[in-house]
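The exercises below are meant for a reader who is meeting this structure for the first time. Please work through each task with the model in view before reading its solution.

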Amino acid sequence: MILSKEKLGALVEQVKISGALFAAPAVDGGQVVMKSVNVADEISFDYVITANSAKEYLFPQTETIAVVEIEKNKVKLSAVEPDAPETVLFGVRPCDAAAFASLRSVFTWDFIDESYTKREDKSIVLSVACTKGDEGCFCTSVGLKPDTTDGSDLQLKETTDGGSFVVEALTDKGKEFVKKFSDVFDDGSADTKAIFTPDEIPGGVDIEKIKERLADPAHYADPVWPELARKCFGCGACTFSCPTCHCFDITDEGDVFSTERKKNWDACQIDNFTLHASGHNPRDTQTKRWRNRFMCKFHIYPKKFTTKGCVGCGRCVRVCPVRLDITEVMAEFSK
Amino acid sequence: MEEQLRKEARRLLTEGEVAVVIGYGWNSRKTRVTPVFITNPDDADKLVFNALCVNNLSIYLTRKYKDIKALGKPAIVAKGCDIKNIVICVSEGQVARDNVYIIGMSCTGVVYKQELWQGELTDNIMPTKCHNCEVRNPHVTDIVIGDKVDFTPPEEPTGMVFDKIREFDRKTPKERWDFWIDHFNRCIKCYACRQACSLCYCERCITDKNQPQWIETSAHERGNLAWNLIRAQHLTGRCTECGECERACPANIPLNLVNSKQALIVKESFGYKSGFDMEEHPPMIVYKPEDKDDFIK
Amino acid sequence: MSDLYIPKLVRIEDVVEEAPDVKSFRLVFQDEELRDSFKFETGQFGLYSAFGYGESTFCIASSPTQKGFIQCTFRASGRVTNALSALSIGDTMGFRGPYGNSFPVEEWKGKNMVFIAGGIGLPPVRSVIRYALDRREDFGDITIVYGSKSVADLVYKNELAHWDERADINCIQTVDPGGETEDWKGKVGFVPTVLEEAAPSADNTIAIICGPPIMIKFCLSALDKLGFNDEQVYTTLENKMKCGVGKCGRCNVGDIYVCKEGPVYSAAEVKKMYDDF
């Protein structure tokens, strides 16, 4: 099946008419980001990976979960239904698509966070396999591929002439989508561009070895930790751009008469994240906070949630102002 | 130049004059530089200095970095622009001048972001600060590494930031407001700008103060505006325009624009340029009877 | 469960000033049905809302044997707890819970109990003490060792007096040196020392500890000396939490989520944990 780039305009239009949101890679603030587009002309095709991950469409940076009105001693508390429109996520990279299973595993672990699941259920993922990449990419080191189909409802591969995509419908949702917008999809096949393959990480990475080393609490005392993580600023850019980071804060905003309860992204790299009211902070140095992030990715996620904590998108490598490269830490712990 | 740097670092560590040399080293692929902390004289050869060395390492001298402090007296590899931050930290009582050994690097400019590096330093990949640099020969040092650089900054500041400022000054207040709202809307409240700034050394930032909650933590229009304005205000007259905040920003918000505009206003109003004099305090943190009051109408 | 993070409204029925900055609230659900159907177990915790300020996490200090209300005790130390502290009888606040695991009290039938607490660490232990006292015949000897910085800082003063009077409880109170008053009749000394002097028998006994980390550490070694093994000793961990349901990523100690697998752990389990306290 073929989706020609010329027909993308019609697809966007029809999707919009159906009342759904169409998010795709587009330029904003000088970089290509996943954003809601109104016309196909806004869509960028020239990008390695969007600066933000598609996670914010399923797990927004900020959302109101309840509204409270207080009058004298009468409290009116109303839960706010999550705003979960039908959403088409177009041009998602396969690594980002694979991350949705990870987020889902956290948000459905025993207790179900419906503001996540509702949004995911109402989204359809059209991933585009990578024909280019950069030094930050390392999906192959975490057991994925630049054309991994995990998490994608449809996967698109750019044709050799660059004018179209070869489309593969992977899920029932994907097949439904093709049926619904059948006039933009054409029968046929074509040759596709070569898939990009990330470079090997210097020193080599062995995920099983990393898991094994992290499973032993003794590694906390390993002097390699301060050596590796000392330079971290604690800026949190890695966590905010990460497609699997799920930490959040719940806080009230407003005044004592009218207030909104918010659920906002938060980050384990921020210094007061785990600060107790008593002043005690279990993760009181940046080294401990960074170690926790690495533990989360390569020990907690696989062990506790049985999903991938890291999909190798490389955003944390690209955004880190001090170049604390997670792949170097992975190589160190593969020894 | 690198050899000279390594020799000095080796000497400092061997003679015990310092316990750690904070400098730059290669990543494992040798494609990017990253901060390194050399404590063993045998590791001094890991130090490098080149046009990729954009990071302002002075951040590691601030008191948040307790584990670095614990190593002992540091020497720091610093470009002139980085030294400006050390000067402010000294003048504000954050760093004692005697407690840091400054290895000043003669500098011919660095890249704006390492990702832009194609093997050659060209004007268009240099940050605005390099085009107007007055401290290519570092001004406050314990030793200078490298040959004297012959460079006179232009009288009228040049570069992308100043071009934008001039363009901006012609805009209406409404246009300016829309411009900033549009940019601040992308803010994700990660506070990378704050964390990257060696002058944002407060151990408890105003954003962390919640009794009352001065700044809303949500990444919505109100919260983003409040944070970005307060960040800028707290740096008025102190910011040395090193550009680390903008470089660290994952949302590409043009923070240098607001920083440099403020620096221009401070220079015009108080004749003060931050980062040159360890004895003088930045104008916004002190009161002087002769301070201008012509803004009071 | 679409209202995963939505609290239930509760009315404050009673306020007790326990110690400087420490208050207890007796809370009743606004929803009458919930008043009857609400169930919890000793050791579980909840998230308490001061609307306009946010939520704070602490244990339920009453016992499941007490029906129709829940009690909580907290120290005003942050934004939310200060706001809660400003509330008074008749005011409405929020409660979410119960969350977490609980003390295996059913397994402890027929055993002797030693309760060890320091300062604001008494409330979680108090839930079990109440439970044991309400089912006194199910348990053997009961020893309580409770200490705080000063006499004023002791919480549950009325209850302590009552426990003191009862012949079927060995209640030992202590204050840190310098914290005593002229008419103080209890001991002067740190909890671990007093515990060692009291020397409760380890035979067929369960010990529960809650208090500052340093006190827990020394009490563990005191219990060790008294012949307690790690399976006989329980504690309840407190970590910063925002969700209470294993999502927000704050309370983990290595790979253990205190909000879900805790907060109650045996000393044996604690010793196997990552050093993340």
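**Exercise 1.** Which residue of chain A forms a salt bridge with Lys242(C), and how far apart are the closest N and O atoms?

*Solution.* Keep in mind from the start that this is a predicted model. The partner of Lys242(C) is Asp249(A), and the closest N and O atoms of this pair are 3.0 Å apart. The pair counts as a salt bridge because the rule asks for a side-chain nitrogen of Lys or Arg within 4 Å of a carboxyl oxygen of Asp or Glu. Across the interface of chain C and chain A, the rule finds eight salt bridges.

**Exercise 2.** Describe the contact between chain C and chain A, beginning with its extent and ending with the residues that chain C supplies.

*Solution.* Begin with the residues taking part, which number 45 from chain C and 54 from chain A. Next comes the area: the two chains bury about 4100 Å² between them, and 55% of this lies on carbon and sulfur atoms. Polar contacts join 28 residue pairs between chain C and chain A, counting pairs with both residues at pLDDT 80 or more. On the side of chain C that touches chain A, at least two residues come from each of β3 (45-50), β4 (54-59), β6 (92-99), β14 (256-257) and α7 (258-261). The largest share, three residues, is supplied by β6(C). Sorted by class, this side of chain C holds 18 nonpolar, 12 polar and 15 charged residues.

**Exercise 3.** At what angle do the axes of helix α5 and helix α8 of chain A cross, and which residues meet there?

*Solution.* Helix α5 (residues 207-215) and helix α8 (residues 286-305) of chain A have axes that come within 10 Å and cross at roughly 95 degrees. The angle therefore makes α5(A) roughly perpendicular to α8(A). From α5(A) the contact draws Ile207(A), Ile210(A), Lys211(A), Leu214(A) and Ala215(A), which meet Phe294(A), Met295(A), Phe298(A), His299(A) and Pro302(A) of α8(A). By class, this contact of α5(A) with α8(A) has eight nonpolar residues, one polar and one charged.

**Exercise 4.** Which parts of chain A does the pair Arg119(A) and Glu63(A) link?

*Solution.* First establish the pairing: the side chains of Arg119(A) and Glu63(A) meet in a salt bridge, at 3.0 Å from N to O. Then place each residue, Arg119(A) in helix α3 (residues 114-121) and Glu63(A) in strand β4 (residues 62-71), so that the pair links distant parts of the chain, 56 residues apart. Over all chains, the rule gives 64 salt bridges.

**Exercise 5.** Where in chain C do Pro98(C) and Pro263(C) lie, and what kind of peptide bond leads to each?

*Solution.* The bond from Gly97(C) to Pro98(C) is cis, with omega near -5 degrees, and Pro98(C) has its place in strand β6 of chain C. A cis peptide bond also joins Gly262(C) and Pro263(C), with omega about 5 degrees, whereas Pro263(C) is found in the loop between α7 and β15 (264-266) of chain C.

How values were computed: Residues are numbered from 1 along each chain as its sequence is written. Chains are lettered from A and ligands numbered from 1 in the order in which they are written. This is a predicted model: local features need pLDDT of at least 70, side-chain atom pairs count only at pLDDT 80 or more; totals for chains, interfaces and linings use all residues. Side-chain values use heavy atoms; hydrogens and water are left out. Axes are lines fitted to C-alpha atoms, for helices over the stretch in contact, and angles run from 0 to 180 degrees between N-to-C directions. Helices (H or I, at least four residues) and strands (E, at least two) are DSSP runs, numbered from the N terminus. Angles under 35 degrees count as roughly parallel, over 145 as roughly antiparallel, 65 to 115 as roughly perpendicular and the rest as oblique. Contact means heavy atoms within 4.5 Å. Ala, Val, Leu, Ile, Met, Phe, Trp, Tyr, Cys and Pro count as nonpolar, Asp, Glu, Lys and Arg as charged, and the others, Gly among them, as polar. Buried area is the accessible area (1.4 Å probe) that two parts lose on being put together, summed over both. A polar contact is a pair of N or O atoms within 3.5 Å; within protein, one must be able to donate a hydrogen and the other to accept it, and residues adjacent in sequence count only if both atoms are side-chain atoms.
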